[in-house]
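Visitor: Could you walk me through this protein? I'm new to it and would like to ask a few things as we go.

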Amino acid sequence: MTARVLVVDDVPANVKLLEARLSAEYFDVTTATCGAEALAICAKSECDIVLLDVMMPDMDGFEVCRRIKSNPATQHIPIVIVTALDQPSDRVAGLDAGADDFLTKPVSDIALIARVRSLTRLKMMTDELRMRAVTSREIGIESPEQQAVAEKGRDGRILIVDDRASSAERIAATLAAEHRADIESDPNAGLLRAAEGNYELIIASLSLENFDG
């Protein structure tokens, strides 16, 4: 799988390291050393995924992420925050800014390539939906891109697949303030519900007793 990866970092050594890792997996790598440059590249649709540092001089990575995700023309581009910051509050800040994932330096090669491949597949599907959105606009239907930007990420239908009742109920209680969560303790039944239940998100335990999460 090939994709155009934008690496944004003001430290040349970090850029070269990520560029070498990604190029070895046949990704097409573009680089930027500041937020303004990154925004310009995204606006020209010259990348499929962004690997974004946080600590940069002109504007930090969180602000760059917010700007990309608040623009209907760029909000579909996946963003992975790649930073030395390692506190839970930093991860929350990144996700709140709209990031799709968060990696802490030093980054594992396996984790990096897995994230890029996964989000590239997501980008390909999103591009197909955006092409359909263009057709919708041409026939007079309201733009779904504007609706996507306005979406606040609440009132989702979530399926929790976990055979430990205490764990599943704790997750469901945490989500209850903003979402509707269903619990399924049988993994096989969970597969059926996932296919038929019109869920926006599935949370699956990796510690299922008789099933590979």
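What follows is a chat about this predicted model.

Visitor: How many helices and strands does the protein have, to start with?
Guide: Let's get some bearings before the count. The C-alpha atoms fill a box of roughly 50 × 50 × 30 Å along the principal axes. As for secondary structure, the protein comes to eight helices and eight strands.

Visitor: What share of the residues counts as buried?
Guide: A residue is called buried when its relative accessible area is under 20%. The protein has 213 residues, and the share of them that passes as buried is 38%.

Visitor: Of the contacts between residues at least 6 apart in sequence, what percentage joins residues at least 24 apart?
Guide: Here we set aside pairs that sit closer along the chain and look at contacts between residues at least 6 apart. Among those contacts, the part that links residues at least 24 apart is 60%.

Visitor: Are helices α2 and α3 roughly parallel or roughly antiparallel?
Guide: Helix α2 covers residues 35-43 and helix α3 covers residues 61-70, and their axes lie 10 Å apart. The angle between them is about 20 degrees. Angles under 35 degrees count as roughly parallel, so α2 and α3 are roughly parallel.

Visitor: Does α2 pass α3 in a left-handed or a right-handed crossing, and which residues meet there?
Guide: The crossing of α2 past α3 is right-handed. On the α3 side you'll find Val 64, Arg 67 and Ile 68. They meet these residues of α2: Gly 35, Ala 38, Leu 39 and Cys 42.

Visitor: What is the make-up of that contact by class?
Guide: We can sort the residues where α2 touches α3 into nonpolar, polar and charged. The tally is five nonpolar, one polar and one charged.

Visitor: How many disulfides does the model have?
Guide: A disulfide is a covalent bond between the sulfur atoms of two cysteines. The cut-off here is sulfur atoms within 2.5 Å. For Cys 34, the nearest cysteine sulfur is that of Cys 42, 12 Å away, and the sulfur of Cys 65 is 10.0 Å from its closest one, also in Cys 42, too far for a bond. The count is zero disulfides.

Visitor: Is Cys 65 buried or exposed?
Guide: Cys 65 lies in helix α3. Setting aside neighbours within four places in sequence, Cys 65 is in contact with Leu 52, Ile 79, Ala 97, Gly 98 and Ala 99. Its relative accessibility is 0%, so Cys 65 counts as buried.

Visitor: And what about Cys 34, how does that one rank?
Guide: The buried class needs a relative accessible area under 20%, and the exposed class needs over 50%. Cys 34 comes in at 22%, so the label is partly exposed.

Visitor: Where is His 76, and which residues does His 76 contact?
Guide: His 76 is found in the loop between α3 and β4. At 10% relative accessibility, His 76 counts as buried. Not counting neighbours within four places in sequence, the contacts of His 76 are Lys 123, Thr 126, Asp 127 and Arg 130.

Visitor: Which residues does Thr 31 touch?
Guide: Thr 31 lies in strand β2, residues 28-32. With a relative accessible area of 29%, Thr 31 is partly exposed. Leaving out residues up to four places away in sequence, Thr 31 touches Leu 6, Val 7, Val 15, Glu 19, Glu 37 and Ile 41.

Visitor: Which peptide bond is cis, with omega near -5 degrees?
Guide: Most peptide bonds are trans. To find this cis one, go to the loop between β5 and α5, where Pro 106 lies. The bond runs from Lys 105 to Pro 106.

Visitor: What is the phi of Asp 155?
Guide: Most residues other than glycine have a negative phi. Asp 155, in the loop between α6 and β6, is not a glycine, yet its phi is positive, at about 60 degrees.

Visitor: Is Asn 198 buried or exposed?
Guide: Asn 198 sits in the loop between α8 and β8. Its phi is positive too, near 55 degrees. With a relative accessibility of 60%, Asn 198 counts as exposed.

Methods
Residues are numbered from 1 along each chain as its sequence is written. This is a predicted model: local features need pLDDT of at least 70, side-chain atom pairs count only at pLDDT 80 or more; totals for chains, interfaces and linings use all residues. Side-chain values use heavy atoms; hydrogens and water are left out. Axes are lines fitted to C-alpha atoms, for helices over the stretch in contact, and angles run from 0 to 180 degrees between N-to-C directions. Helices (H or I, at least four residues) and strands (E, at least two) are DSSP runs, numbered from the N terminus. Angles under 35 degrees count as roughly parallel, over 145 as roughly antiparallel, 65 to 115 as roughly perpendicular and the rest as oblique. A crossing is left-handed if the near helix is turned anticlockwise from the far one by less than a right angle, and right-handed if clockwise. Contact means heavy atoms within 4.5 Å. Ala, Val, Leu, Ile, Met, Phe, Trp, Tyr, Cys and Pro count as nonpolar, Asp, Glu, Lys and Arg as charged, and the others, Gly among them, as polar. Buried means under 20% relative accessible area, exposed over 50%, partly exposed in between (1.4 Å probe, protein chains only).
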